[in-house]
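Here are my notes for your first look at this model. Have the viewer open as you read, since each point sends you to one part of the chain.

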Amino acid sequence: RLLAALDGTAPDIVIIEAFPFGRRQVRFELLPLLEAAAVMERRPLLVTSVRDILQERTKPGRDEETVDLLNRYFDLVMVHGDPAFARLEDTFALAARIRPPIAYTGLVTGHEAPPAPDRFDVLVSAGGGAAGSLLVEASIEASAHLPELRFGVITGPNLPQAAFDAATARASSQLSVMRFRDDFPGLLASAELSVSQAGYNTVGDTLQAGCRSLLVPFAAGGETEQPARAARLRQLGLATVIEERDLTAAALAAAIRGALAAPKSPRAPLDLDGAAGSVSVLETALSEFRGG
């Protein structure tokens, strides 16, 4: 089906998300696609699209394999970030050996949203929720230490049902528990403090909303992406951070008090218009690729 789609659409550009930096489990689909695209009579521009901070690899030979595939097949590495915040070489040691150009688009965030009518002093979000049960539980317990504050806890759709049921059983007039909110950017705009992990999308939404931020980066299993992002935001004065290993209800309650006592963070001095930046990068690259 993938090869048929390539043949049927004859695209100007093929963008592959993450591969070969990640997504190796689908290489059996992607390598035939790249091979087929490379020999088309009107070959498309081949682009890999990655986030600003990569998971650092420890398996020997992985980075060398990535560079080999990039240099063999791709015309452009499109990084969805601001180089003033993070550069590809910060988390990919062999970046200097990449031959295709590397272009930065800015951080891809949603448009600035008006404040939502529902207002929470503290808005807790656990991303997809699969790895957010510790944050959800600690936040619910911390809310009991802070009865003067209204908490909204968004668990994410992938929190196990038993954990979600246990959380909702503790809801009150001071504590709302929700799976998902499609007005999340607006809730951030009306909140005094965002408490979240340090995933790309949530961080982008929080920076766009301009509210205070307290981060508990996911670090289990050797994960490095979220701790690296959180550390950079702390250095810029855009967030406070609790390490996952230090997360308790008492520590979280104390951090929430401290964050709310501090003045609001300044607007992020970062390029948050990555959607438009992506369009510009692709238009320029395609023009150069076609010789125009």
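1. Which residues in α8 meet which residues in α9? Keep in mind that this is a predicted model. On the α8 side, look for Y200, V203 and L207, and on the α9 side for E225, R229 and L233. Sorted by type, the residues of this contact come out as four nonpolar, two charged and no polar.

2. Now for how these two helices are set. Two packed helices are described by the angle between their axes and the distance between the axes. Here the axes of α8 and α9, the latter covering residues 225-235, come within 11 Å and cross at roughly 20 degrees. An angle under 35 degrees counts as roughly parallel, and therefore α8 and α9 are roughly parallel to each other.

3. Next, the six-stranded sheet. The sheet is open, its strands are ordered β7-β6-β5-β8-β9-β10, and the pairing is parallel. What stands at its edges? You'll find β7 (175-178) at one edge and β10 (240-241) at the other; each has a single partner strand, so one side of each is left without a neighbour in the sheet.

4. Inside that sheet, have a look at β5 and β6. Strand β5 takes in residues 122-125 and β6 residues 151-154; the two run parallel and are joined by four bridges. If you want a landmark for this pair, L123 stands opposite G152 in β6. Helix α5 (residues 133-145) packs on the sheet as well, touching β5, β6, β7 and β8 (193-196). The direction of α5 makes about 165 degrees with that of β6.

5. Back to α8, which has a second role in the picture. Besides meeting α9, α8 packs on the six-stranded sheet, where it touches β5, β8 and β9 (212-215). Its direction makes about 160 degrees with that of β9.

6. α8 also turns up around a cavity. Searching the whole structure gives four cavities of 30 Å³ or more, and the second largest has a volume of about 50 Å³. Its lining is made up of H111, E112, A113, P185, A189, D205, Q208 and A209. Two elements, α7 (184-190) and α8 (200-209), give two or more residues to this lining. Which of them supplies the largest share? That is α8, with three residues. By type, the lining divides into four nonpolar, two polar and two charged residues.

7. There is also a four-stranded sheet to find. This one is open too, with the order β1-β2-β3-β4 and parallel pairing. β1 (13-17) and β4 (102-104) are the edge strands, each pairing on one side only. From one strand to the next, the twist averages 25 degrees.

8. A closer view of this sheet: β3 (residues 76-80) pairs with β4 in the parallel sense over three bridges. V79 is the residue that stands opposite Y104 in β4. Elsewhere on the sheet, helix α2 (residues 27-38) lies across β1 and β2 (45-51), and it runs at about 160 degrees to β1.

9. Please check the loop between β1 and α2, where two backbone details deserve a look. A18 sits in this loop, and its phi is near 80 degrees, a positive value in a residue other than glycine. P20 is found in the same stretch, between β1 and α2. A cis peptide bond joins F19 and P20, with omega at about 10 degrees.

10. Last, a link between distant parts of the chain. R42 has its place in the loop between α2 and β2. What does R42 contact, once its neighbours within four places in sequence are left aside? The partners are D12 and R290. R42 and R290 are 248 residues apart along the chain, yet their C-alpha atoms are separated by 9.8 Å.

Definitions and conventions. Residues are numbered from 1 along each chain as its sequence is written. This is a predicted model: local features need pLDDT of at least 70, side-chain atom pairs count only at pLDDT 80 or more; totals for chains, interfaces and linings use all residues. Side-chain values use heavy atoms; hydrogens and water are left out. On a 1 Å grid over the protein atoms alone, a cavity is a set of points where a 1.4 Å probe fits but cannot get out, and a pocket is an open set with protein on both sides within 12 Å along at least five of seven lines; lining residues have an atom within 4 Å of a point. Grid points are joined across faces, edges and corners, and a volume is the space filled by probe spheres set on the points. Ala, Val, Leu, Ile, Met, Phe, Trp, Tyr, Cys and Pro count as nonpolar, Asp, Glu, Lys and Arg as charged, and the others, Gly among them, as polar. Two strands pair if DSSP finds at least two bridges between them. Axes are lines fitted to C-alpha atoms, for helices over the stretch in contact, and angles run from 0 to 180 degrees between N-to-C directions. Contact means heavy atoms within 4.5 Å. Angles under 35 degrees count as roughly parallel, over 145 as roughly antiparallel, 65 to 115 as roughly perpendicular and the rest as oblique.
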